[in-house]
Amino acid sequence: QVQLVESGGGLVQAGGSLRLSCIASGRTSLMGWFRQAPGKEREFVASISWNGGSTHSADDRFIISRDNAKSTLWLQMNSLKPEDTAVYYCTATTVPYIGAVVRRADTYPYWGQGTQVTVSS
């Protein structure tokens with residue numbers, strides 16, 4: 001069983017940066033970040049393979065990284081915009097998926113509780 005705990009969300013002004021963290025307990029392979037804004041569907045933000053050799057991001061402003069020795073996943077978010085306001089979720093799977101499926105929410109059976117990011121204009 002994998003448990004994920006996010007931190008690092010908060011209120012930031014447009015143009016600012018935030019770094020989200022996610023600590024994982026249990027063995028993980030592919031990990032990712034999704035977000036959901038009020039009234040909108042959950043959407044893919046970024047993913048990273050177990051060894052960090054393959055990353056995908058929906059926006060170049062968002063950089064995903066991980067340190068398996070620390071069981072930690074990060075999302076560096078730069079040049080934030082008000083439309084980035086959402087709850088951000090850390091996700092994981094124990095299967096080393098590759099390809100288009102890494103952008104699908106149903107690929108990830110494990111989800112954190114979410115952390116709120118609010119970007120003011």
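**Close-up views around strand β9**

Six of the seven residues of β9 are buried, leaving this strand mostly covered; buried means under 20% relative accessible area, exposed means over 50% and partly exposed lies in between, with a 1.4 Å probe and protein chains only. Strands here are DSSP runs of E with at least two residues, numbered from the N terminus. This is a predicted model, in which local features need pLDDT of at least 70, side-chain atom pairs count only at pLDDT 80 or more, and totals for chains, interfaces and linings use all residues. Residues are numbered from 1 along each chain as its sequence is written, and side-chain values use heavy atoms, with hydrogens and water left out.

**View 1. Strand β9 and its partners.** Two strands pair if DSSP finds at least two bridges between them. Six bridges join β9 to β4 in the antiparallel sense, and here F34 has Y89 as its bridge partner. β9 and β11 also run antiparallel, with three bridges; look for Y88 and its bridge partner T115. Strand β10 (residues 110-111) pairs with β9 over two bridges, again antiparallel, and Y110 is the bridge partner of A92.

**View 2. The largest nonpolar core.** A nonpolar core is a set of buried Ala, Val, Leu, Ile, Met, Phe, Trp, Tyr and Cys residues joined through side-chain atoms within 4.5 Å. This one has 26 residues, and those touching the most other members are L4, M31, W33, L73, L75, M77 and Y88. Among the elements that give two or more residues to this core are β3 (18-25), β5 (43-48) and β9. Apart from it lies another core of five residues, including L30 and F34.

**View 3. The surroundings of Y88.** Not counting residues up to four places away in sequence, Y88 touches residues including E6, W33, R35, L75 and V117; contact means heavy atoms within 4.5 Å.

**View 4. R35 and its salt bridges.** A salt bridge is a side-chain nitrogen of Lys or Arg within 4 Å of a carboxyl oxygen of Asp or Glu. R35 forms one with E43, their closest N and O atoms being 2.5 Å apart, and another with D84, at 2.9 Å. The pair of D84 and R35 links distant parts of the chain, 49 residues apart: D84 sits in the loop between β8 (72-77) and β9 (86-92), R35 in strand β4 (residues 31-36). R35 counts as buried because its relative accessibility is 13%, whereas E43, at 37%, counts as partly exposed. A network of salt bridges links R35, E43, D59, R61 and D84.

How values were computed
Helices (H or I, at least four residues) and strands (E, at least two) are DSSP runs, numbered from the N terminus.
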